[in-house]
Amino acid sequence: MVNPLPIAITTDEKRFLMESAVLMRDSGRLDQAAVMFEAIVSLVDDRHLPLIGLGSVEFERGAFERAVERFEDAVAFAPDCALAHAHLGEALAFSRHLEEAQLALRKATELDPAGTAGGNMARQIQKFLDYGLL
Amino acid sequence: MSNINPVGQNYDFRQIQSTTTSSHQSGWSKFGRILGDVAGGVMGNVPVLGSALSSLNTQGDASFNQQYELILLQQQIQQNMQMFSTMSNISKSKHEAAMTAIRNMK
């Protein structure tokens, strides 16, 4: 995606924007969060992160299929990002694609054995799937 | 029998959810509500199960039935607490992973 605005921002500003968008999402202001994540996609090199954010907004809305599409975009952009695979696995599980969900979660744990970058999240969701309730 | 259900309601998953999540409906909060409904259904069925057992037991061993129902209830409560704990861990690990990713942005 080409940056439509002639704006260069610092790394700290990128982080600030991302954290603000995450806060918007977590406080339930989903429309504003989506607008922010959309804008950040065109401003940063790590585009998979705002794409994950957009997916998480759709997930919060309960639009799991649309969330899957966003997370797949993130995985396509950064195939080695455990966080993207973990989110994809979660959204797939909620949209009842359980086998694909298992694969995505397994991939996340393989990519992040230490767990801090999405591996733990994948393991916890896996545990939930093991209850057979999703 | 009637003294069992209030105990169950103290641990109703919906109540735990409503005190720990915000007003918007995420996938997990929706799931929590569904889980709460399932738990409620099971709680509601405990007396029915008890009645069936009582009619089978012509001796009318009421204390055995009561103990059995309490065990069922305890299992349900334990399962709900375990689910809640897992969901809480998912939220925590999700947030930590997101913050780590943001901190590592270049």
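This report describes chain A of a predicted model, along with the places where chain B joins in.

**Overall build**

Chain A has seven helices and zero strands. From the N terminus on, its elements run α-α-α-α-α-α-α. The chain holds 134 residues, and 51% of them count as buried. Its exposed surface comes to about 6400 Å². Carbon and sulfur atoms supply 54% of that area.

How do contacts spread along the sequence? Take the contacts in chain A between residues at least 6 apart: 47% of these join residues at least 24 apart.

**Aromatic rings**

A pair of aromatic rings is described by the distance of the centres and the angle of the planes. Over all chains, the count comes to three aromatic pairs. Two of the pairs are set out here.

| Pair | Geometry | Centre to centre | Angle between planes |
|---|---|---|---|
| A:Phe59 and A:Phe94 | edge-to-face | 5.1 Å | 85° |
| A:Phe64 and A:Phe94 | tilted | 5.2 Å | 40° |

Why is the pair of A:Phe59 and A:Phe94 called edge-to-face? Its planes stand 85° apart, and an angle over 60 degrees counts as edge-to-face. The pair of A:Phe64 and A:Phe94 has 40° between its planes. That angle is neither under 30 nor over 60 degrees, so the pair counts as tilted.

Both pairs link distant parts of the chain. A:Phe59 sits in helix α3 (residues 48-61) and A:Phe94 in helix α5 (residues 82-94), 35 residues apart. A:Phe64 belongs to helix α4 (residues 64-77), and 30 residues separate it from A:Phe94. A:Phe59 and A:Phe94 are both buried. A:Phe64 is buried too. Together, A:Phe59, A:Phe64 and A:Phe94 form one aromatic cluster.

**The nonpolar core**

The largest nonpolar core has 50 residues. Which of them touch the most other members? They are A:Met18, A:Phe37, A:Ile52, A:Leu83 and A:Leu88. Several helices give two or more residues to this core. In chain A they are α1 (11-26), α2 (30-41), α3, α4, α5, α6 (98-111) and α7 (119-130). Chain B adds α4 (62-103). The largest share, eight residues, comes from α5(A).

A:Met18 shows how the two chains meet. Leave out residues up to four places away in sequence. In chain A, A:Met18 then touches A:Phe37, A:Ile40, A:Leu49 and A:Pro50. In chain B, A:Met18 touches B:Ile102 and B:Met105.

**A second methionine**

A:Met36 is found in helix α2 of chain A. What does A:Met36 touch, not counting residues up to four places away in sequence? The list is A:Leu17, A:Ser20, A:Ala21 and A:Met24. A:Met36 and A:Pro50 are 14 residues apart in sequence. From C-alpha to C-alpha, they are 8.6 Å apart in space.

**A pocket lined by both chains**

Rolling a probe the size of a water molecule over the atoms shows where empty space is left. The second largest pocket has a volume of about 210 Å³. Its lining is made of 13 residues. Which lie nearest the centre of the pocket? From chain A come A:His48, A:Leu49 and A:Cys81, and from chain B come B:Ala101 and B:Asn104.

The elements that give two or more residues to the lining are α3 and α5 of chain A together with α4 of chain B. The largest share of the lining, three residues, comes from α4(B).

How values were computed:
Residues are numbered from 1 along each chain as its sequence is written. Chains are lettered from A and ligands numbered from 1 in the order in which they are written. This is a predicted model: local features need pLDDT of at least 70, side-chain atom pairs count only at pLDDT 80 or more; totals for chains, interfaces and linings use all residues. Side-chain values use heavy atoms; hydrogens and water are left out. Helices (H or I, at least four residues) and strands (E, at least two) are DSSP runs, numbered from the N terminus. Buried means under 20% relative accessible area, exposed over 50%, partly exposed in between (1.4 Å probe, protein chains only). Contact means heavy atoms within 4.5 Å. Accessible areas come from the Shrake-Rupley method with a 1.4 Å probe; for residues, only the protein chains shown count as cover. Rings of Phe, Tyr and Trp (its six-membered ring) pair if their centres lie within 6.5 Å; planes under 30 degrees apart count as stacked, over 60 as edge-to-face and the rest as tilted. A nonpolar core is a set of buried Ala, Val, Leu, Ile, Met, Phe, Trp, Tyr and Cys residues joined through side-chain atoms within 4.5 Å. On a 1 Å grid over the protein atoms alone, a cavity is a set of points where a 1.4 Å probe fits but cannot get out, and a pocket is an open set with protein on both sides within 12 Å along at least five of seven lines; lining residues have an atom within 4 Å of a point. Grid points are joined across faces, edges and corners, and a volume is the space filled by probe spheres set on the points.
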